[in-house]
Amino acid sequence: MAVARPVDPLELETPSALGRWAAAAAEFCRQRPLGAIGAGAILFLFVVAALAPVISAYDPLAVHFDAMLARPSALHWLGTDAFGRDVLARLIYGSRTALLVGFGSAIVGAALGTILGVGSAYFGGRVDLYLQRLMDVFLSFPLIVLALALVAILGNSVPNVIAAITVPMVPRCALVIRASALSIREMPYVDAARAAGFGHARIILRHMLPNVMAPFLIMLTAFLGQAILLEASLSFLGLGVQEPTAAWGLMLRGAAVDFAEAAPWMAIFPGLAISFAVFAFNLFGDSLRDALDPKLRTQ
Amino acid sequence: MSRYLLMRFLLMFPTLLGVAVVIFVLIRVIPGDVVELRLAGDRGAVSEQVLNQERARFGLDKPVWQQFATWMWGLLRFDFGTSMWTGAPIGQEIKLRFALSFQVAVMATIVAVLLAIPLGVIAALKQDTWVDYTVRIFSIAGLACPSFWLGIVFILTLLVVFKWLPPMVYTPLWVNPWQNLQQLIWPALAVGYRYSAVATRMTRSAMLEVLREDYIRTARAKGLWQSLILSRHALKNAMLPVLTVIAVEFAFLIGGLVVTEQVFNLNGIGLLFVQAVAHRDYTLIQALTMLVAGFFIVVNFLMDIAYAWLDPRIRYR
């Protein structure tokens, strides 16, 4: 029954997907040790976030009025904050917020950007022109300014914060994806698919999208670090995730600054956690970019 | 050349108009309206009469196109309307704070350039050695460190190690330069470090590219001093992309200031913006986002002019 159907080149490939991935990962680790360190750190963050209830000795929301602003000790490894909440527990649970917001906005932002970028490149002409002008407009706003304006409009619950961080990322991703999709559109296999009578949707989904995977992954990892940083900034300003949720940026707000001299642990550790997470994603993303696309290396 | 500049100049306006439309629409798609949202947030029930009064005060009772026309006409005359929170003219509020933010921005740029260019050049010269790796880690760390946290760490270090705090009250540069610099150097360092990260990496990769060019080999072959090759031949040609990055980052610097001014308690544009969002002062948010985006577009335009001036290939196209 499938005899008369035009053969899709993708269906001819019969790789053992898992084996290929493992080989690629091993190669990546060998050639780019810095990237491997980043990947290890990301894995560590995931484990911490997943096992938070197991690792953490305290409830991150539990208030201990008998141990307010306690120094780091055997009881509270990283001390407690102004409400007597365990700093380590809040750091551990904060990783969940960071990863949730980071992945939520980076994946949605990069996916929407990819769709817009590929669509813009594929259809070309008017569609491309108008979309590009619209992107130009959105690119004129600094990330945090647009995110803050959106928070002001949407209000600041976690999903809204994710949305506010996602929107400014879309045009940045679309720009990069469009550039690489433009060259793919000229490839013979796209012409062939068109000649074979495939519809737009199929050509875009099966022939264009798989070939912009490299820039997509690059943008995704780049956005992850940025999104975590942006969430921390918004929360630090009191306009992101709200108390009493455990979030790193929020831990640096208010009391952490006021008591900086008396209780420096409150100000130092959350900042280290943010830097660690963003550093890990950037390190990994940087090496991934070098590995996947040498042309983009200068950016 | 003049044709190119004219085209580039005219192209600025559709983008500016687009930015204005986007901001205008965003503020008006809120369910309910801004007056209702703001007043309801403050104190439970507000009578319909008060709401209408407020709407009339900000011209929100007029048809949308008329509101837009009024806003546009105001923007053309640099009249940004009045703040919903303080009731003061927005132009006034911004003017009070502009000098401070601009000074921090310029100082941060200087910090960034002083860090980025030497580091980038050294990293390129010592490619794939420990020097290169150290610079790379230093710059990736700059992107990872939140500038507000860096600010907190600076304050903490000064306090604990030197038992000294930067002055907390702003003194304009022309009143007491020493006092002014003592206060503003810290936020400039915190913002400048992050800012330098991107520029360092750009300097490194641009240098790497230029160092492989034939004319560098020729210069070496004729026995020119290394320092002369670097400054005259390599750096000059590598500077164009670096300049772009610095200009783009400068235009977006307000983003870094938004959080840093909060830490250092600096009453600048960034703090004003955060307060506007916290108070849901929509007229102020509208004006400030427009200003920031407009600034970016104008800096981009100036950048293109500078490009054309620096690069003859563009000039004679």
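In this predicted model, the second largest pocket has a volume of about 950 Å³. Its lining runs to 30 residues, and those closest to the centre of the pocket are B:Phe78, B:Met290, B:Leu291, B:Gly294 and B:Phe295. Six helices of chain B, namely α1, α4 (64-76), α5 (90-125), α10 (226-251), α11 (253-264) and α13, each give two or more residues to this lining. Sorted by class, the pocket lining has 26 nonpolar residues, three polar ones and one charged one.

As for chain B itself, the count is 14 helices and zero strands, so reading from the N terminus gives one α after another, right through to the end. Along the principal axes, the C-alpha atoms of chain B fill a box of roughly 85 × 60 × 35 Å. Chain B has 317 residues, and 48% of them are buried. Taking the contacts in chain B with a separation of 6 or more, 72% are between residues 24 or more positions apart. The accessible surface of chain B adds up to about 16100 Å², and carbon and sulfur atoms account for 67% of that.

Next comes the packing of nonpolar side chains. In soluble globular proteins, nonpolar side chains tend to be buried together. Here the largest nonpolar core has 153 residues, and the ones with the most contacts inside this core are A:Leu148, A:Trp248, B:Trp71 and B:Ile285. The biggest contribution to this core comes from helix α13 of chain B (residues 282-310), which puts in 13 residues. What does B:Ile285 contact, once its neighbours within four places in sequence are left aside? On the chain A side, the partners of B:Ile285 are A:Ala149 and A:Ala152. From chain B, the list has B:Ile27, B:Phe273, B:Ala276 and B:Val277. There is also a second, separate core, this one of 14 residues, with B:Leu208, B:Leu211, B:Ala219 and B:Ile229 among them.

B:Ile285 turns up again in the closed spaces. Rolling a probe the size of a water molecule over the atoms shows where empty space is left. Two cavities of 30 Å³ or more are counted in the model. The largest cavity has a volume of about 70 Å³. Which residues line the largest cavity? From chain A there are A:Phe141, A:Leu146, A:Ala149 and A:Ile153, and from chain B there are B:Val22, B:Ile23, B:Leu26, B:Ile27, B:Ile285 and B:Thr289. B:Ile285 and A:Ala149, both part of this lining, are also in contact with each other. Three helices supply at least two lining residues each: α7 (143-154) of chain A, plus α1 (2-28) and α13 of chain B. Of these, α1(B) provides the largest share, with four residues. The lining of the largest cavity breaks down into nine nonpolar residues, one polar residue and no charged ones.

The second largest cavity has a volume of about 40 Å³. Its lining is made up of B:Ile155, B:Pro166, B:Pro167, B:Met168, B:Gln183, B:Phe264 and B:Leu266. By class, that comes to six nonpolar residues, one polar residue and no charged ones.

Two individual residues round things off, one from each chain. A:Ser95 sits in helix α5 of chain A (residues 87-123). Buried or exposed, where does A:Ser95 fall? A:Ser95 counts as buried because its relative accessible area is 2%, and the cut-off for buried is under 20%. Not counting residues up to four places away in sequence, A:Ser95 touches A:Leu45, A:Val48, A:Ala49 and A:Trp248. One of these, A:Trp248, is also among the residues with the most contacts inside the largest core. The C-alpha atoms of A:Ser95 and A:Ala247 are 7.4 Å apart, although 152 residues separate the two along the chain.

In chain B, B:Val50 belongs to helix α3 (residues 48-57). With a relative accessibility of 35%, B:Val50 counts as partly exposed, because that class takes in values between the 20% and 50% cut-offs. B:Val50 and B:Glu36 lie 14 residues apart along the chain, and the separation of their C-alpha atoms is 9.7 Å.

Definitions and conventions
Residues are numbered from 1 along each chain as its sequence is written. Chains are lettered from A and ligands numbered from 1 in the order in which they are written. This is a predicted model: local features need pLDDT of at least 70, side-chain atom pairs count only at pLDDT 80 or more; totals for chains, interfaces and linings use all residues. Side-chain values use heavy atoms; hydrogens and water are left out. A nonpolar core is a set of buried Ala, Val, Leu, Ile, Met, Phe, Trp, Tyr and Cys residues joined through side-chain atoms within 4.5 Å. Buried means under 20% relative accessible area, exposed over 50%, partly exposed in between (1.4 Å probe, protein chains only). Contact means heavy atoms within 4.5 Å. On a 1 Å grid over the protein atoms alone, a cavity is a set of points where a 1.4 Å probe fits but cannot get out, and a pocket is an open set with protein on both sides within 12 Å along at least five of seven lines; lining residues have an atom within 4 Å of a point. Grid points are joined across faces, edges and corners, and a volume is the space filled by probe spheres set on the points. Ala, Val, Leu, Ile, Met, Phe, Trp, Tyr, Cys and Pro count as nonpolar, Asp, Glu, Lys and Arg as charged, and the others, Gly among them, as polar. Accessible areas come from the Shrake-Rupley method with a 1.4 Å probe; for residues, only the protein chains shown count as cover.
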